[in-house]
Amino acid sequence: MYDAAYAGVPNWDIGRPQRAFVDLLDAGLVRSPVLDVGCGTGELSLFLARHGHDVLGVDLSPLAIRQATEKARWRRISAQFLVWDALALSRLRAADLSFRTVVDSAMFHILGDRERDRFVESLADVVRPGGLYCVLGDARRADGAIYGLSPEEVRTRFGNAGGWEVAFAFRTAFERRRSRNPAYFVGVRRL
């Protein structure tokens, strides 16, 4: 399913990082090493690596990872990419990997209810104390809907997991090739 989206250019692949992540970098809130979950073809990973960060991008799609790796090679940017399930981040910790920043450009907002809890649990295994998880996703349009996200939901899920605090949350836009959607950008710090 995921590879099919990358057979062409997906609507969400705008050829550059989303503005919220550019602002995050400009604010000095990105610290290496960085994990980019659901990295797709790597635009955010490559942007952060080009600005001097040690970045690992992971995605379920082998085709997307192949495209990201090719972009890195052609642009001569040192970023690493790996086909990986973001719900199994604990296995990265078993390989002695941990991160000070985790970026998520529209991965969390597509997960189902149980997958979101699994992701939060898995994330706790790889984010160092003081580390930051930053998620950008479409704003949830209706109460009870699963697709999308809200700052309240993020606060509740991470609060229930324990050991996290919301550092920032604001309304923004998620750009696509042919549209813009209302979105939220939320940062959660590991205690």
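Student: Which strand pairs with strand 2, and in what sense?

Tutor: In this predicted model, strand 2 pairs with strand 3, residues 80–83, and the two run in the parallel sense over four bridges. To find the register in the structure above, look at leucine 56, which stands opposite glutamine 80 of strand 3.

Student: Which helix belongs with strand 2 and strand 3 in a β-α-β unit, and what is the handedness of that unit?

Tutor: The helix is helix 4, and together with strand 2 and strand 3 it makes a β-α-β unit that is right-handed.

Student: How should I read a salt bridge, and how many are found in the whole structure?

Tutor: The general idea is that side chains of opposite charge can pair when their charged atoms come close. A search of the whole structure finds twelve salt bridges. One of them joins the side chains of glutamate 43 and lysine 71, with 2.6 Å from N to O. Glutamate 43 belongs to helix 3, residues 43–50, and lysine 71 to helix 4, residues 62–75, so this pair ties together parts that lie 28 residues apart in sequence.

Student: Is glutamate 43 buried or exposed?

Tutor: Glutamate 43 counts as buried, because its relative accessibility is 9% and the cut-off for buried is under 20%.

Student: Which residue meets arginine 73 in a salt bridge, and how far apart are the two along helix 4?

Tutor: The side chain of arginine 73 meets that of glutamate 70, at 2.7 Å from N to O. Arginine 73 and glutamate 70 are three residues apart in helix 4, and therefore about one helical turn separates them. Glutamate 70 is partly exposed, its relative accessible area being 33%.

Student: Where do arginine 157 and aspartate 117 lie, and which residues are linked with them in a network of salt bridges?

Tutor: Arginine 157 forms a salt bridge with aspartate 117, and their closest N and O atoms are 2.7 Å apart. This pair links distant parts of the chain, since arginine 157 sits in helix 7, residues 151–161, and aspartate 117 in helix 6, residues 113–124, 40 residues apart. Arginine 157 counts as buried at 14% relative accessibility, whereas aspartate 117 is partly exposed with a relative accessible area of 40%. The network of salt bridges links both of these residues with Asp113, Arg116, Arg140 and Glu153.

Student: What is the volume of the largest pocket, and which residues lie nearest its centre?

Tutor: Rolling a probe the size of a water molecule over the atoms shows where empty space is left. Here the largest pocket has a volume of about 730 Å³, and its lining is made by 37 residues, of which Tyr6, Trp12, Gly38, Asp59 and Ala106 lie nearest the centre. Helix 1, strand 1, helix 3 and strand 2 each supply at least two residues of that lining. By residue class, the lining divides into 21 nonpolar, eight polar and eight charged.

Student: What is the phi of alanine 106, and where is this residue found?

Tutor: Alanine 106 has a positive phi of about 75°, although it is not a glycine, and it is found in the loop between strand 4 and helix 6. Alanine 106 counts as buried, with 16% relative accessibility. Aspartate 96 also has a positive phi, near 65°, and its place is the loop between helix 5 and strand 4. At 63% relative accessibility, aspartate 96 counts as exposed.

Student: Which residues does a cis peptide bond join?

Tutor: The cis peptide bond joins serine 32 and proline 33, with omega about -5°. Proline 33 lies in the loop between helix 2 and strand 1.

Conventions:
Residues are numbered from 1 along each chain as its sequence is written. This is a predicted model: local features need pLDDT of at least 70, side-chain atom pairs count only at pLDDT 80 or more; totals for chains, interfaces and linings use all residues. Side-chain values use heavy atoms; hydrogens and water are left out. A salt bridge is a side-chain nitrogen of Lys or Arg within 4 Å of a carboxyl oxygen of Asp or Glu. Buried means under 20% relative accessible area, exposed over 50%, partly exposed in between (1.4 Å probe, protein chains only). On a 1 Å grid over the protein atoms alone, a cavity is a set of points where a 1.4 Å probe fits but cannot get out, and a pocket is an open set with protein on both sides within 12 Å along at least five of seven lines; lining residues have an atom within 4 Å of a point. Grid points are joined across faces, edges and corners, and a volume is the space filled by probe spheres set on the points. Ala, Val, Leu, Ile, Met, Phe, Trp, Tyr, Cys and Pro count as nonpolar, Asp, Glu, Lys and Arg as charged, and the others, Gly among them, as polar. Two strands pair if DSSP finds at least two bridges between them. A crossover is right-handed if, with the strands pointing away from the viewer, the path from the first strand over the helix to the second runs clockwise.
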